[in-house]
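Hi,

Here is the structure we talked about, for you to open and click through. Have a look at it first, then read my notes below.

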Amino acid sequence: MNIDLLLYIVLFSQIMFLSYYYPRRMLIRIHTIFKNYPPNDFPKLYPESIKKYKKSAKRYQIMNHLIIGLGLGLILWFYVTPRTGGWDQVIIFWYFMIQFLPNIGLELWTMKYHNAMRLLNQDAQKEAVLQPRRLTDFVSKSLLGTVFVIYVIFVGFIAYVDQFDYTWFGGYLNVLIISGAYLFFGLIIYRAMYGKVKNPHQSYEDRKIDIQTLIRQLLSILIAVTLYAMVQILIKAYGLESFKAISVSLYFHVIGFLSMQWPHLDFINFDVYKNKPGLTK
Amino acid sequence: MRIKIDTNLSTPLFKQLMDQIKKAVVNGLLKPGASLPSIRQLANDLELNHNTVAKAYRILERDSVIQTKGYRGTSIHIDAKQNSSVNMNDSITTKLSETIKSLRESGATDSEIRIAFSNVMKKQ
């Protein structure tokens, strides 16, 4: 198959997966909450008017539609413009960054939402489980071991490639970058495990599930990032650069898929958001 | 085991924390050697100041109800059950009352006792 055609197919798939399928699933989840857990019965779930949240959801949807348009325009531009292919992966990378913007917005919105919840929370009673939390309470030792082994393999791989004196090869800077990613994700995990309570009404069990989901996601992404870094070096070493843009796009598919793990709504305890005297919408 | 703190109660927060840990030890809910969460974790979970939890842990450690072993963290002391039944405030009050009584019997005035007590406390 023609490499260009393959690139268009993979890029189209990236557009539809990250800017249509992913947001659609997110919006279905949000609207299911609006429908099944309305403000009258679950006032603590809505520190602000539901209209405001519906507007934010609509904005999220519109942003994604615009990004789909931009992506389709990009494919068309790739098709009509004579290219050498050298910049394709850079363009795809920045397009992915744009695709990620609505989700960053959603994340910021969630932070504001939890802040509003905390401001309205008048509950004088605070509860905690008198038990230390450990990483192995949330993820299996085998997953932690896999992350560690892949990191060691990566360091070994860099040491091996470093022998060949490739002019383009960054050497141990690769180890530094990947170690930085491990450290950064480690900090996020630490904050999730021991940091301040974000949602003041959430049950301890639900919080545990949230932490578990986040840690599993981040560890899986770390594995993907490390493997991808090795794949990129191999592609360059074997002169398969025409596949680079395709590999970048496939990698973003994986990242999107790994970020799409959310706890099932049926398993969340929504009773904690029911009304209590003194707490009004 | 769950711990509950009520910010509306007049009882200081660190005391609520201490009392519940002691009660759990006496009732057998916390066995000797059982691990406790770190100060940071507990303070954040209960939305309390870290110093409040640190104070409760410090007093419990002084009373040998809990013990801290470096990186291993904090756990319940092996003699926690018998130490939890000792109320340090009551013990201090009893001992001081006895001392003041004996000083009064030997002819010291209340003013002299207060000055001497204050001087001794300053020297410590």
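Let's start where the two chains meet. Chain B brings 20 residues to the contact, and chain A brings 20 residues too. Please keep in mind that this is a predicted model, so treat everything here as computed from that prediction.

How much area is buried between chain B and chain A? It comes to about 2100 Å², and carbon and sulfur atoms give 50% of that. In case that kind of number is new to you, the size of an interface is often given as the accessible area lost when the parts come together. On the chain B side, the residues that lose the most area to chain A are R2(B), Q41(B) and D45(B), which together make up 30% of what that side buries.

Two of those names come back when you look at charges. The rule finds six salt bridges across the interface of chain B and chain A, while the count over all chains is 13. Try R2(B) first: its partner is E205(A), and the closest N and O atoms are 2.5 Å apart. Then go to D45(B), which forms a salt bridge with R207(A), with 2.7 Å between the closest N and O atoms. That second pair crosses between chains, running from helix α2 of chain B, where D45(B) sits, to helix α6 of chain A, where R207(A) sits.

There are also polar contacts to look for: eleven residue pairs between chain B and chain A, with both residues at pLDDT 80 or more. Which elements of chain B give two or more residues to the side that touches chain A? They are β1, β2 (35-36) and α2 (39-45) of chain B. Sorted by class, that side has nine nonpolar, five polar and six charged residues.

Now for chain A as a whole. You should find seven helices and one strand in it, and along the sequence they follow the pattern α-α-α-β-α-α-α-α. If you want a feel for the dimensions, the C-alpha atoms of chain A fill a box of roughly 70 × 45 × 25 Å along the principal axes.

Next, the empty spaces. Rolling a probe the size of a water molecule over the atoms shows where empty space is left. Take the second largest pocket, with a volume of about 560 Å³. Its lining has 24 residues, and the ones nearest its centre are Q125(A), E127(A), P200(A), H201(A) and Q202(A). Both chains take part: β1 (125-129) and α6 (204-237) of chain A, along with β1 (2-6) of chain B, each supply at least two lining residues. The largest share, five residues, comes from β1(A). What does the lining of this pocket look like by class? There are twelve charged residues, plus six nonpolar and six polar.

As for enclosed spaces, the count is two cavities of 30 Å³ or more. The second largest cavity holds about 40 Å³ of space, and you can find it by selecting L18(A), Y22(A), Q99(A), F100(A), N103(A), G256(A) and S259(A), which line it. Helices α1 (3-36) and α3 (88-120) of chain A each supply at least two residues of that lining, with the largest share, three residues, coming from α3(A). Here the lining of the cavity has no charged residues; three are nonpolar and four are polar.

That's my tour. Write back if you get stuck anywhere.

Cheers

How values were computed
Residues numbered from 1 in each chain as written. Chains lettered and ligands numbered in written order. Predicted model: local features only at pLDDT ≥ 70, side-chain atom pairs only at ≥ 80, totals over all residues. Heavy atoms only, no water. 1 Å grid on protein atoms, 1.4 Å probe; cavity = no way out; pocket = protein on both sides within 12 Å on 5 of 7 lines; lining within 4 Å. Points joined across faces, edges and corners; volume = space filled by probe spheres on them. Helix = DSSP H or I, 4+ residues; strand = E, 2+ residues; numbered from the N terminus. Nonpolar A, V, L, I, M, F, W, Y, C, P; charged D, E, K, R; others polar. Contact = heavy atoms within 4.5 Å. Buried area = accessible area lost by both parts, 1.4 Å probe. Salt bridge = Lys/Arg side-chain N within 4 Å of Asp/Glu carboxyl O. Polar contact = N/O pair within 3.5 Å; in protein donor to acceptor, adjacent residues only side chain to side chain.
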